[in-house]
Amino acid sequence: EVMAGVQAFRTVKINVNYEQDKKDIKLFLEAFQSRSTVSPDEFMDIDVESDDPNSYKYKRQLQAIANREQDALIIELDDIAAWEDKAEGGLLHRIQENTRRYIKMFYDVIDKKENRLMPTPEREINFDDDVIDVIMQHRRDRDSRRSQADRTSFPPSLTRRYTMYFKPLSSDKPYSIRGVNGSCVGHLVTIQGIITRVCDVKPFLMVAGFSCEMCGEEVFEEVTKKTYLPRVECPSESCKTNNTEQVPIGHIPRTMTILLHGPLTRTVSPGDVVNVSGIFQATPHYGYKGGNTLLTDVYLEGQYVHQLKKQYDKMEKIPEIQEKVNKLAKDPDVYTKLSRSIAPEIYGHEDVKKALLLMLVGGVTKTMGDGMKIRGDLNICLMGDPGVAKSQLLKYICKVAPRGVYTTGRGSSGVGLTASVERDPVTNEMVLEGGALVLADNGICCIDEFDKMEDTDRTSIHEVMEQQTISISKAGITTTLNARTSILAAANPLYGRYNPKVSPSHNINLPAALLSRFDILFLILDRPDMDEDARLAHHVAYVHMHGKQPRTDTEVLDADTIRHYIAEARSKRPVIPEAIAGHMVDTYCDNRQEQKIAEARKKEFTYTSARTLLAVIRLSQALARIRLQNEVKSSDIDEALRLLMVSKETLNDPADRDSRSDRSPTSLIYDIIISIFRRSRTNGTLQYLDIKERVIAQAYTEDQLKECIKEYEEIGIWALNSEQTILSLLQYDQLEDDQND
């Protein structure tokens, strides 16, 4: 026979005077005005009754609650820290160590009938405020006609019209989810993470009401646990006297469940990055065969939610950052400054960074009268050799965007990108859980290793890239989810590295239906170049030695400033004037003819369709937004076309690009001016101011423009008049012949 020994837990006596704490809580709520160095002893000398109640912070909140103007009482621990003595072990320390008990103590102090802190309403309360107030008033009117013994006793939680929360200290640092352990049970802790799933708001039983079928007695019981048992016997004296028979009614997680109550519900959405302060609680495990184990489930009872990355339209305007934004808005070189501040530790890729900046800003989403939507979000694909910093660019964009989701092609399935149907462990209902594209709604979804995805999984994002919705028909659930996101994809060519011996389209190896949905497709090649390799090596060595990018002439802006400037830019809705619409149409027609010629020569590398025209519109609108203007200029159209041209040039055969060895600013500006001549209808003459506007818009200076004009004027290409207002092309007839050929 084996006898089991039972060892009792050691009793620990804690020297805490809860009655004194209640007195301190009452004094704090009555007398606190603002954070100051006034001690509790000095508060004792304040005549609370004679002073204006509106001058006291928490008395003012309680009056607003009584008037049904406020439904949450937020106690800031910074206020308690400023009010009490700074000695360790004070009221503040006890609240942080035993938060659940002190929430009940605050409720008891406020709702106590004797010397009640809750003031009377300053206006009449009716059913428009809360229907339960009318019901409670009917009960009071009925009880007023009864004897004291027969009156109904209402628990405080039933008559309470507010919810109390603790706001953590501003100096508290959030825990990682793995850092929350058993020593935190009952404490007020703050965790940081990304919201992965939000369930529907469900009714929560706080007070159970019972009505006796024999005597009609009403009994209200407060439910303080997750489980409760209905009453078996009626407690009324009538039933007890008559002896009436009563018939009874028959491991450490990487994710954490957070329960939000009252006004805190619906304050977060999937994809939000938040700090949540709450009470770390344990509850018995009620899973499959859980009753036979000693396991417990843990959860956080939320008290305060702080959004770390707010949406652009919800960002708070901080005076210091707003001053920087206003200063940037007046800078004519703001486009270059912002683009060079995108991942400054990564060397080069200036045009790629400009395209990524435009993706962050985005175009204007339009909704037609019949409900059809035209997306304004830009989709970009970076395809290139290994080691050209594609993944680093994706990581940086995820950091800058208020809502960014990073995933990889090999580790993502179609369901993981769109949505899955799962059974809710609490309600046992079938619910939808959003994937990466749903979590990135109103943000950016970065997909690395895009070429490693299965074809069936890759086709699941076709609808998202154009319609920006996800249609679901699974497990009896038929619905449409919003996925208003920009997609930034990174991929390698078919053979890992670009193979110049086969056609570009064979290297890219993506279907036409997918390629046409990308507004810009860059091919980034890693080609040996002595001078460029030396500059790259020096840059990388400097970053590793000093932990920052080398100094440059252009100021590098921090991510917070970029985010606030983009928020300001996205508030604009630029339109395209009719005067420059013809220029855009002519360019689109020229691109279609170039594609036709390329197909005849079997050297096509991309697909020009109506989506290409929409891409130009979106890029030009983003450029106008960066200037904080509500109208698109011709220079914006030219820069958008230039980015498309540059992206196509990178897709050309490397041997063709090597033949053009001179890519100095003078040669590039010459190409810009010649392209303007080709598209103009002015018989070989251009206004100098028009040339200057378009050249400066593409990040060149006026001195470089003057040097280019002077150099080619000396060899007889063009001539500038004496007033320096008109530039005439001397070989215009030859230019027309070349264009016709």
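Select Asp-79 and Tyr-58 to begin: their side chains are joined by a polar contact of 2.5 Å. A polar contact is a pair of N or O atoms within 3.5 Å; within protein, one atom must be able to donate a hydrogen and the other to accept it, and residues adjacent in sequence count only if both atoms are side-chain atoms. The model is predicted, so local features need pLDDT of at least 70 and side-chain atom pairs count only at pLDDT 80 or more, while totals for chains, interfaces and linings use all residues. Residues are numbered from 1 along each chain as its sequence is written, and side-chain values use heavy atoms, with hydrogens and water left out.

**Around Asp-79**

Asp-79 belongs to helix 4 (residues 77-83); helices (H or I, at least four residues) and strands (E, at least two) are DSSP runs, numbered from the N terminus. Its relative accessibility is 1%, so Asp-79 counts as buried, where buried means under 20% relative accessible area, exposed over 50% and partly exposed in between (1.4 Å probe, protein chains only). Next, add Leu-169, which is 90 residues from Asp-79 along the chain, with 8.9 Å between the two C-alpha atoms. The contact partner Tyr-58 is buried as well, at 0% relative accessibility.

**The aromatic cluster**

Keep Tyr-58 and add Phe-28, Phe-32 and Trp-83: ring pairs link these four residues into a cluster. Rings of Phe, Tyr and Trp (its six-membered ring) pair if their centres lie within 6.5 Å; planes under 30 degrees apart count as stacked, over 60 as edge-to-face and the rest as tilted. The count by this rule is 11 aromatic pairs. In the pair Phe-28 and Phe-32, the centres are 5.2 Å apart and the planes stand at 45 degrees, so the pair is tilted. Phe-28 is buried at a relative accessible area of 1%, and Phe-32 is buried with a value of 1%. Phe-28 and Tyr-58 also form a tilted pair, with ring centres 5.2 Å apart and planes at 45 degrees. This pair links distant parts of the chain, since Phe-28 is in helix 1 (residues 18-31) and Tyr-58 in helix 3 (residues 57-66), 30 residues apart.

**Charges over rings**

Move to Tyr-107, where the charged end of Arg-160 sits over the ring, 3.8 Å from its centre. A charge sits over a ring if NZ of Lys or CZ of Arg is within 6 Å of the ring centre and within 35 degrees of the ring normal. Then select Tyr-406, whose ring has the charged end of Lys-395 over it, 3.9 Å from the centre.

**Arg-375**

Arg-375 lies in the loop between strand 10 (373-374) and strand 11 (380-384). At 4% relative accessibility, this arginine counts as buried. Display Arg-517 and Asp-519 beside it: the side chain of Arg-375 reaches the backbone oxygen of Arg-517 at 3.2 Å, and a polar contact of 3.2 Å joins the side chains of Arg-375 and Asp-519.
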